[in-house]
Amino acid sequence: MNKNIGFIGCGKMGRAIMAGMLKADIVEHNNIMVSTGRESTLLEVKECYKVQGSLHNQEVAEWSDLLFLAVHPSSHDKVLSEIKGSLKEDVVVITMAAGITIEQIEKGIGRKVKIVRTMPNTPSLVGEGMTAMSISSFVTETDLEIVKRLLNSFGRTEMIDENLMDAVPAISGSSPAYAYMFIEALADGGVRDGIPRAQAYRMAAQAMLGAAKMVLETGKHPGALKDDVCTPGGSTIRAVAALEENQFRAAILEAMKACTERTKGIGN
Ligand SMILES: NC(=O)C1=CN([C@@H]2O[C@H](COP(=O)(O)OP(=O)(O)OC[C@H]3O[C@@H](n4cnc5c(N)ncnc54)[C@H](OP(=O)(O)O)[C@@H]3O)[C@@H](O)[C@H]2O)C=CC1
Ligand SMILES: O=C(O)[C@@H]1CCC=N1
């Protein structure tokens, strides 16, 4: 893709996306320019990913056709006020900050601008990201097609109403963290039964990968897929019953509620 792609902020999420794009071969290294808070981070990113870098957010803003904002929600306003005078007329600004609305960004920039609000996740690093997105009214069909092509290069995308965006971290932005906890717990159980630790992680992770693929590729209801595993009178139904007794689903719903409540509060 022959576009200048800027990243203001390049921490865990910015890097996952940048590395995902580079791995997918959809952009050249010299088509990416990054700025970060500290010089040491910038040097590390430049060295590791062979991309261009600047210590000045304005320089990245001036150069970019597509500009990713990958800073904390609390730094978002400050960054916008720094760069608003440097943005290209036709730039597409892509934010990934939890809880920051399109309206807040329009206010921060102070003019009509093309904005894509996204909520990605860190598996973008390995080409299995899930990015939800909403767009401002100035984003054209062509812009959208370009952005989707870029984001689809490192995973899947879903267009979503902006008023549902605060619910996305709970289901796909933050949920990799719960999945890692689940995998860790599975591995602990395996280790308790004598399976070597490294092997236990591989087995647990592959089982989760396979289960997720079954949902995506068979089109079967997750409940039906669960039923297929539960042999009558067998071992799995005992495990399922123990999970229900211990409020497994209720715990997840509570966790998601907490996540969404925090997301709604982050941007204010
Ligand atoms: N982590 C995740 O799984 C997800 C995160 N997000 C969103 O992504 C955003 C970034 O999160 P994450 O990557 O985890 O955070 P990190 O702390 O890992 O990264 C933040 C980045 O912003 C840089 N930065 C800080 N201040 C400035 C500044 N004034 N100008 C330029 N760069 C600056 C930091 O540079 P330095 O380190 O040098 O200070 C760092 O590179 C957040 O808004 C979050 O809501 C969305 C989905 C998932
Ligand atoms: O924890 C956070 O606030 C960010 C948003 C989604 C994942 N990480």
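**Ligand 1.** I started with the residues around ligand 1 in this predicted model. I counted 27 of them, and Gly 9, Gly 11, Gly 37, Thr 41 and Ala 97 come nearest. Next I sorted the shell by class: 12 residues are nonpolar, 13 are polar and two are charged. Then I checked which helices take part. Both α1 (12-24) and α4 (73-83) put at least two residues into the shell around ligand 1.

**Domains.** Where does the chain divide? I found domain 1 at 5-165 and domain 2 at 173-266. I looked up the spacing of their centres, taken over C-alpha atoms, and got 31 Å. For the contacts between them, I noted seven residues on the domain 1 side and five on the domain 2 side. The domain 1 side of that meeting place has four nonpolar residues, three polar ones and no charged ones.

**UniProt record.** I checked the entry, which is unreviewed, and it lists residues 162-264 as "domain: Pyrroline-5-carboxylate reductase dimerisation". How much of that stretch is helix, and how much is strand? I read off 80% helix and 0% strand over 162-264, with the end C-alpha atoms 13 Å apart.

**Whole chain.** Stepping back, I tallied 12 helices and eight strands in the protein chain. I also noted the span of the C-alpha trace along its principal axes, about 70 × 40 × 30 Å. Of the 268 residues, 32% are buried. Last, I looked at contacts between residues at least 6 apart in sequence, and 66% of these join residues at least 24 apart.

Definitions and conventions:
Residues numbered from 1 in each chain as written. Chains lettered and ligands numbered in written order. Predicted model: local features only at pLDDT ≥ 70, side-chain atom pairs only at ≥ 80, totals over all residues. Domains from an automatic or database assignment. Contact = placed C-beta atoms within 7 Å. Nonpolar A, V, L, I, M, F, W, Y, C, P; charged D, E, K, R; others polar. Near = placed C-beta within 6 Å. Helix = DSSP H or I, 4+ residues; strand = E, 2+ residues; numbered from the N terminus. UniProt positions renumbered as here; feature names shortened; annotations may be inferred. Buried ≥ 20, exposed ≤ 12 C-beta atoms within 10 Å, placed from the backbone.
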